[in-house]
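Reader: I would like a close look at a single part of this protein, together with the links around it. Please keep it plain.

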Amino acid sequence: MRARTMSCSPTRRALLHCAAAALCLLAPGARAQPDGLGHLTLNICEDENEWPPYAYFERVNGQKTERVLGYAVSVIDDILKRRHIAYQLDMIPWARCLAVAKLGKRYQMALNMSYNAERAADFLFSRAYYSTTTYYYYSRRQYPHGLGIKHLADFDRYRICGIAGYNYTGYGFKAGQVEQGAKDFPALIAKLQMGRCALFVEKNEVMTGYATIGKDYLADPDIAQESAPNMKSGRFYFAVSRAYPQAEALRTLLNDELLSMQESGRLRELWQHSVPSAGKSDP
């Protein structure tokens, strides 16, 4: 459902978070909108495979609901409610999200995106609002003595698998170095266990986050994990389609809000609320 009103109910593939009522525009401290954003419903897409703890469906008694939660959802909700902008968040296949959002029509923005040059040709990136640590994962059955990776160049000795649409050049891999035929993590892990590839790389925060929503991929004793040496932390951004007429104005709004939230401690507050186990760490 693409609601245009100030009240709504979510659907399974779409969650519309609405701005405050019009009277809130008169509240003290309300910020003026950049040109073109005053009467906007922003359409955002995210990966239906989920990206915990950043974006995932809430579970109730182990059952997936229609409600989407997570740190990234909390951050964009906080920003757009404060700016009185309604928005709709659709959970769709990630490759489709990238392909459709870059056109700037059905969707104007993607929620969680890492940077590479190809994406930068189609999207304007906000300030980074969280970072991640990288691990690599392999089958103990296939490699009982481990892989012995000590340097980034050591990855060149192995066949690496990945998920369609994901960004692997950000890890330092060459274009085409990662075979991206898997549609999701179960398919990726199956490839490891069948010996069709030696390893895959992923964010530690995401792989451990899956356990909290009942997808504990690391519970399989065959799957080993090691910290990836000499890899920079991953940084994630809001990505606005360059084809969207108000792209620059929207990025300016997002950057202004993210800087303010970082300086005030609001980003850390939302992170600690979204991931209680994070303690006093920053996102």
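Author: What follows is an account of helix 4 and then of the disulfides.

The model is predicted, so local features need pLDDT of at least 70, side-chain atom pairs count only at pLDDT 80 or more, and totals for chains, interfaces and linings use all residues. Residues are numbered from 1 along each chain as its sequence is written, and side-chain values use heavy atoms, with hydrogens and water left out.

Helix 4 spans residues 185-193. Helices here are DSSP runs of H or I with at least four residues, strands are runs of E with at least two, and both are numbered from the N terminus. At the N-terminal end of helix 4, D184 acts as the cap, with a side-chain oxygen 3.0 Å from the backbone nitrogen of A187. Such a polar contact is a pair of N or O atoms within 3.5 Å; within protein, one must be able to donate a hydrogen and the other to accept it, and residues adjacent in sequence count only if both atoms are side-chain atoms. Just after helix 4, G195 has a positive phi of about 75°.

The buried residues of helix 4 are F185, L188, I189, K191 and L192. Buried means under 20% relative accessible area, exposed over 50%, and partly exposed in between, with a 1.4 Å probe and protein chains only. These residues lie on the same side of helix 4 because they cover an arc of only 155° around the axis, taken from the directions from the helix axis to the C-beta atoms. An α-helix has 3.6 residues a turn, so residues three or four places apart point the same way. The partners of this buried set include strand 10 (160-163), strand 12 (200-203) and helix 5 (204-211), where contact means heavy atoms within 4.5 Å.

Strand 10 also takes part in a disulfide, a pair of cysteine sulfur atoms within 2.5 Å. C161 and C197 form this link, with their sulfur atoms 2.5 Å apart. C161 lies in strand 10 and C197 in the loop between helix 4 and strand 12, so the pair ties together parts that are 36 residues apart in sequence. The torsion about its S-S bond is about -125°, so the disulfide of C161 and C197 is left-handed. C161 is buried at 1% relative accessible area, and C197 is buried at 4%.

The count comes to 2 disulfides. C45 and C97 form a disulfide with sulfur atoms 2.0 Å apart. C45 is in strand 2 (residues 41-47) and C97 in helix 2 (residues 94-101), so this pair joins parts 52 residues apart in sequence.
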